Amino acid sequence: MNTSIIESRPDFAAIAAWIPQGSSVLDLGCGDGSLLRYLRETRDVRGYGVEICDANIATCIGNGVNVIQNDLDSGLADFEDQSFDFVILSQTLQATRHTEALMKEIVRVGREGIISFPNFGYWKNRLQIFNGNMPISKILPYQWYDTPNVHLCTLNDFELLCDHLGVRILGRHVMNDSGDVNLLPNLRGSVAAYRFKRDV
Amino acid sequence: MSGFVGIVSAQRATFEEPLNFSCGKVLPRYELMYETYGTLNADKSNAILVCHALSGHHHVAGSYADDEKNIGWWDNMIGPGKPIDTNKFFVIGLNNLGGCHGSTGPSSIDPVTGKQYGSNFPMVTVEDWVHSQARLADQLGIHQFAAIIGGSLGGMQAMQWAITYPDRVRNVLAIATAPHLTTENIAFNDVARNAILTDPDFHGGDFYQHEVVPTRGLRLARMLGHITYLSDDAMAGKFGRGLRSGEYKYGYDIEFEVESYLRYQGDKFAAYFDANTYLLMTKALDYFDPAQHTEHNLARAFANVQANYLVVSFSSDWRFSPDRSREIVKALLHNKRNVSYAEVTSQHGHDSFLMQDEQYFAVMRNYLERVAEEIR
């Protein structure tokens with residue numbers, strides 16, 4: 001089960017690689033809890049997920065994952081300042097409405113934040129737009145009229161937001177279907193994971 | 001598939017050791033009515049205690065041989081294959097002290113006077129109940145519960161257990177409950193109490209000797225309570241502005257369907273429930289506030305809690321709103337306890353916790369399956 005999760009979500013491997021044994025983790029938009037379960041089983045991580053969807057709540061509970069039902073766009077008021085080693089937001093940033101506010105909340109609650117998101121600047125996305133259509137891919141499977149994604153960005157855009165918010169980037173891991181991307185990441189990477197903290 | 005626990009019978013536990021109450025009074029001895037479903041395993045680690053709410057009792061599931069229509073109040077939740085699965089757990093339901101279903105209460109005979117306790121019965125708190133329940137657990141040889149489960153006032157008892165006896169409960173399932181009542185809730189309770197206290201048949205609580213029952217007060221108290229357990233939407237959906245005869249009669253008899261329903265519920269309740277018990281239960285609700293000892297800091301009140309928690313609230317429950325459940329969650333998060341929180345979308349108001357609902361039952365079932373796995 002563990003390896004299949006990592007295979008199906010390469011960003012999980014990148015995220016997990018940054019998390020030391022025994023850390024405390026808050027996973028925002030934790031879905032069915034598979035990342036938290038993976039981190040618990042492989043890294044003895046103590047954590048909680050935040051999730052809005054009813055079916056995912058029941059599944060997380062069945063997986064023995066602590067989950068708090070909450071809408072991320074209403075903030076993280078239940079969580080205290082600097083109360084987690086890591087606050088993770090995997091493949092959810094683009095679907096949040098109050099993205100800037102949530103970024104601030106992540107660095108308030110977590111000593112570090114980890115975010116993964118689809119890179120809208122990926123060349124295949126650019127090509128589709130060049131050809132006159134909104135991009136549709138495995139990572140962005142929706143039509144423009146039914147997508148939950150309201151805040152798509154490129155790597156450059158995300159880094160500008162971090163700069164604007166006084167957030168220091170500690171690490172970046174860019175991937176595409178063929179593996180890790182080091183050269184021209186904003187063009188060649190389909191997914192990126194960032195690790196960052198509040199600049200004190 | 002989900003099954004029925006079948007025919008059950010109530011049992012009576014007797015406690016000869018005096019019980020000290022928070023109010024300073026003492027009961028020299030007391031009895032608790034209880035029922036059990038399922039089988040206690042060899043190491044007595046699969047016991048679940050179900051705590052009841054304001055008008056509940058020990059008949060939680062199944063029915064009686066001599067009264068087959070008398071189905072337990074949480075039968076939809078408890079049974080073989082149901083979320084509280086009696087194939088896996090040994091489930092205990094009891095009638096709390098001060099109750100009117102067989103446990104020692106205001107209508108019981110005081111051995112000192114030979115008359116009903118009435119106004120002499122001690123004011124009982126959630127903490128007192130937990131102490132009395134712990135003695136029942138002792139008698140059954142259960143040191144630690146796999147889970148203690150309760151909705152509303154029952155959830156308060158479950159939470160108090162985890163505070164008073166942190167090593168005696170592994171999981172708390174706190175449903176549609178709150179860390180203390182809101183001002184508005186206390187106000188509703190006081191109106192209900194006043195309905196009873198001002199009934200001429202109440203006689204200061206000693207109506208038994210006068211061979212009358214303050215049914216008018218009890219009926220009003222129940223009617224008021226019933227309104228607050230439902231939601232505006234649920235009542236509108238059920239009754240609307242429907243008229244029994246289809247037209248205005250310009251009088252004070254029953255006209256609107258909702259009046260008919262409330263009066264029926266009030267009459268039914270007043271026919272069997274004890275007025276003193278109603279008063280005691282509402283006061284226990286009002287008094288519950290574990291943070292009163294920790295400068296109103298709930299996180300500190302929970303500091304010694306060891307139990308894992310499942311907290312469940314219902315979207316339309318305005319008496320025990322989701323925000324109140326979030327206070328519980330927040331205090332547990334502060335203490336880094338294992339906690340999951342589900343906010344179930346339901347239109348049935350506070351009563352939702354007694355209703356069958358797919359999401360609610362999935363959450364309960366999944367959580368308790370994990371609890372059962374821990375036992376094995």
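**Exercise 1. Find where B:T125 sits in chain B, and decide whether B:T125 is buried or exposed.**

*Solution.* Start with the location: B:T125 is in the loop that runs between β8 (90-94) and α1 (126-139) of chain B. Keep in mind that we're looking at a predicted model here. Next, check the accessibility. The relative accessibility of B:T125 is 12%, and buried means under 20%. So B:T125 counts as buried. Last step: look for its partners. If you skip residues up to four places away in sequence, B:T125 touches B:S22, B:A284 and B:Y287.

**Exercise 2. Work out whether the length of helix α2 of chain B agrees with 1.5 Å a residue, and how many of its residues are buried.**

*Solution.* Helix α2 of chain B covers residues 153-164, which makes 12 residues. At 1.5 Å a residue, the helix should span 16 Å. Now look at the model: the end C-alpha atoms are 16 Å apart, so the two values agree. On to burial. In α2(B), 11 of the 12 residues are buried, so the helix is largely enclosed by the rest of the structure. Among the buried ones you'll find B:M156, B:M159, B:W161 and B:I163.

**Exercise 3. Do the length check for helix α6 of chain B, then say what covers its buried residues.**

*Solution.* Helix α6 of chain B takes in residues 257-272, 16 residues in total. From first C-alpha to last, α6(B) reaches 24 Å, close to the 22 Å expected at 1.5 Å a residue. Then list the buried residues: B:S260, B:Y261, B:L262, B:Q265, B:G266, B:F269 and B:A270. The cover over these buried residues includes α4 (215-229), α5 (232-239) and α7 (275-287) of chain B.

**Exercise 4. Describe the surroundings of strand β5 of chain A: how many residues are buried, and which strands do bridges join to β5(A)?**

*Solution.* First, burial: 8 of the 9 residues of β5(A), residues 110-118, are buried, so the strand is largely enclosed by the rest of the structure. Second, one partner is β4 of chain A (residues 84-90), joined to β5(A) by 6 bridges, with the strands running parallel. For instance, A:I88 has A:I114 of β5(A) as its bridge partner. Third, 6 bridges also join β5(A) to β8 of chain A (residues 191-198), and this pair runs antiparallel. There, A:F117 has A:A192 of β8(A) as its bridge partner. Finally, add the helix: β4(A), α5 of chain A (residues 99-109) and β5(A) make up a right-handed β-α-β unit.

**Exercise 5. Place A:L170 in its strand and classify its accessibility.**

*Solution.* A:L170 belongs to strand β6 of chain A, residues 167-176. Its relative accessibility is 35%, so A:L170 counts as partly exposed. Now look beyond neighbours within four places in sequence: A:L170 is in contact with A:E112, A:R195, A:F196 and A:K197. As for A:G113, 57 residues away along the chain, its C-alpha is 9.6 Å from that of A:L170.

**Exercise 6. Describe the contact between chain B and chain A, and say which three residues of chain B supply 28% of the area it buries.**

*Solution.* Count the residues: chain B brings 20 to the contact and chain A brings 23. The area buried between the chains is about 1800 Å², and carbon and sulfur atoms give 47% of that. On the chain B side, B:R326, B:L333 and B:R370 supply 28% of what chain B buries against chain A, more than any other three residues. To finish, check the predictor's scores: the complex gets an ipTM of 0.95 and a pTM of 0.96. Chain B has a mean pLDDT of 97, with 100% of its residues at 70 or more.

Methods:
Residues numbered from 1 in each chain as written. Chains lettered and ligands numbered in written order. Predicted model: local features only at pLDDT ≥ 70, side-chain atom pairs only at ≥ 80, totals over all residues. Heavy atoms only, no water. Helix = DSSP H or I, 4+ residues; strand = E, 2+ residues; numbered from the N terminus. Buried < 20%, exposed > 50% of the residue type's maximum accessible area, 1.4 Å probe, protein only. Contact = heavy atoms within 4.5 Å. Expected span 1.5 Å × (residues − 1). pLDDT = per-residue confidence, 0-100. Pairing = 2+ DSSP bridges. Right-handed = clockwise from strand over helix to strand, strands pointing away. Buried area = accessible area lost by both parts, 1.4 Å probe.
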